[in-house]
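Trainee: Could we look at the empty spaces in a protein together? I would like to learn how each label is earned.

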Amino acid sequence: MLDIKITRTTTPKEKPTGPLGFGKIFTDHMFIMNYTEGIGWHDPRIEPFHDLSISPACVILHYGQEMFEGLKAYKGVDGHNYLFRPDMNAKRANVSNDRLCIPHIPEEDFVQAIKAIVKVDEDWIPTEPGTSLYIRPFIIATDVFLGVDTSKTYLFMIILSPSGAYYPEGLAPVSIWIEDDFVRAVRGGMGFAKTSGNYACSLIGQIKAHNDGYSQVLWLDGVERKYIEEVGSMNIFFKIDGKVVTPMLNGSILPGITRNSVLTLCRDWGLEVEERKISVDELIDAQKSGKLEEVFGSGTAAVISPVGKLRYKDDVMTIGNGEIGELSQKLYDTVTGIQLGRIEDKYGWRVLVD
Ligand SMILES: *Cc1c(COP(=O)(O)O)cnc(C)c1O
């Protein structure tokens, strides 16, 4: 149990009134905790949201020793505040920590800190349909040293951002660019960890895709550039000839919590589910023979993101006439229904904040 010291702001900000967008507005408070080698994690506290003051020689600025997480708080239909599977974020945080040589945070402390900061800023949880309070826990290495070594001091912080409906007009299919030149991660690298470097190296693909009118990038494996891996911040699913197929977790794919929830639901619904290698050629063949029924991404931000168009080199594939698939819609309705408490939560995924 953390003994969290709370200092409330004396100058609360105005709550936003217009469209929220994503990640642009921050709440009144933040959670901070220090790590010092020999002492461990210490001084957990909630303070008014503020800028940091760090040395220009700080390790994080040069070598990217960092991890982050992402989850959301929702105002349930019963008026209480809920999180979705935060224990999974706590576990994954430590998997990322291991890869980045960052000290563990006990899972229960991680979840306690999230609950505490959400409680303090609960008035910031938006209530319009599709909106939520995005939660960003992260750790940075703070030693002041230019040698390449693991830091002996860290900061764990949690910031909160009210975010708007991902699809204000209802689920809308996105177009995806399959990147055949740059890669995001390789086996043995850090693709399975949620860390800044994976995003830094993906920006270039994002720019290429945007320049061509596509909204997201689908990455291929880093060795042969032949097997499907994942979208920038989403895992990817295909419905091929009645079966649900998704790339297996091979070390270079981020193990999404939404991915896990989708797999659980599909299996429960009696669908045939395959976690395996899937090549881009297999995908093109399936599309040509009319067996590619649906494509969708899964991730905390959009929950389920139907894909209407895929481009690979000169091949442009239109999926299901560019409309939302039945399974995509059902998954979206079920996951968001459980999050808000509209649907019975038989898996115990919803966690009460207060
Ligand atoms: C966070 C993330 C996902 C989605 O994970 P969720 O836990 O479902 O939000 C997928 N891919 C990458 C690269 C990510 O960083």
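Trainee: Which residues lie nearest the centre of the largest cavity?

Mentor: Good place to begin, and keep in mind that this is a predicted model. Tyr-74, Phe-84, Thr-258, Thr-300 and Gln-339 lie nearest its centre, among the 13 residues that line the largest cavity.

Trainee: What makes a residue count as part of that lining?

Mentor: A lining residue has an atom within 4 Å of a grid point of the space. For the largest cavity, 13 residues are counted as lining. Strand 5 (71–75), helix 6 and helix 8 (326–340) each supply at least two of them, and strand 5 gives the most, with three residues.

Trainee: Why is this called a cavity and what is called a pocket?

Mentor: In a cavity a 1.4 Å probe fits but cannot get out, whereas a pocket is an open set of points, so the way out decides the name. The structure holds two cavities of 30 Å³ or more, and about 100 Å³ of space lies in the largest cavity. The largest pocket has a volume of about 720 Å³.

Trainee: What lines the largest pocket?

Mentor: The lining has 36 residues, and Phe-22, Tyr-134, Arg-136, Tyr-199 and Ser-233 lie nearest the centre of the largest pocket. Elements that each supply at least two lining residues include strand 7 (132–141), helix 4 (196–200) and helix 6 (257–268). By class, the lining of the largest pocket has 15 nonpolar, 14 polar and seven charged residues.

Trainee: Where does the ligand sit?

Mentor: The ligand sits in the largest pocket. That wording is used because more than half of the ligand's atoms lie within 2 Å of the grid points of the pocket.

Trainee: Which residues come nearest the ligand?

Mentor: Lys-194, Tyr-199, Glu-230, Thr-258 and Thr-300 come nearest, out of 15 residues around the ligand. That shell divides into four nonpolar, seven polar and four charged residues.

Trainee: How do you know that Thr-300 makes a polar contact with the ligand?

Mentor: A polar side-chain atom of Thr-300 lies 2.6 Å from an oxygen atom of the ligand. The cut-off is 3.5 Å for a pair of N or O atoms, so the pair with Thr-300 qualifies. Arg-92 has a side-chain N or O atom 2.8 Å from a ligand oxygen, while Ile-257 uses a backbone N or O atom, also at 2.8 Å from an oxygen atom of the ligand.

Trainee: How much of the ligand does the protein bury?

Mentor: The protein buries 97% of the 380 Å² that the ligand exposes when taken alone.

Definitions and conventions
Residues are numbered from 1 along each chain as its sequence is written. This is a predicted model: local features need pLDDT of at least 70, side-chain atom pairs count only at pLDDT 80 or more; totals for chains, interfaces and linings use all residues. Side-chain values use heavy atoms; hydrogens and water are left out. A residue is near a molecule or strand if one of its heavy atoms lies within 4 Å of it. A polar contact is a pair of N or O atoms within 3.5 Å; within protein, one must be able to donate a hydrogen and the other to accept it, and residues adjacent in sequence count only if both atoms are side-chain atoms. Accessible areas come from the Shrake-Rupley method with a 1.4 Å probe; for residues, only the protein chains shown count as cover. On a 1 Å grid over the protein atoms alone, a cavity is a set of points where a 1.4 Å probe fits but cannot get out, and a pocket is an open set with protein on both sides within 12 Å along at least five of seven lines; lining residues have an atom within 4 Å of a point. Ala, Val, Leu, Ile, Met, Phe, Trp, Tyr, Cys and Pro count as nonpolar, Asp, Glu, Lys and Arg as charged, and the others, Gly among them, as polar. Grid points are joined across faces, edges and corners, and a volume is the space filled by probe spheres set on the points. Helices (H or I, at least four residues) and strands (E, at least two) are DSSP runs, numbered from the N terminus.
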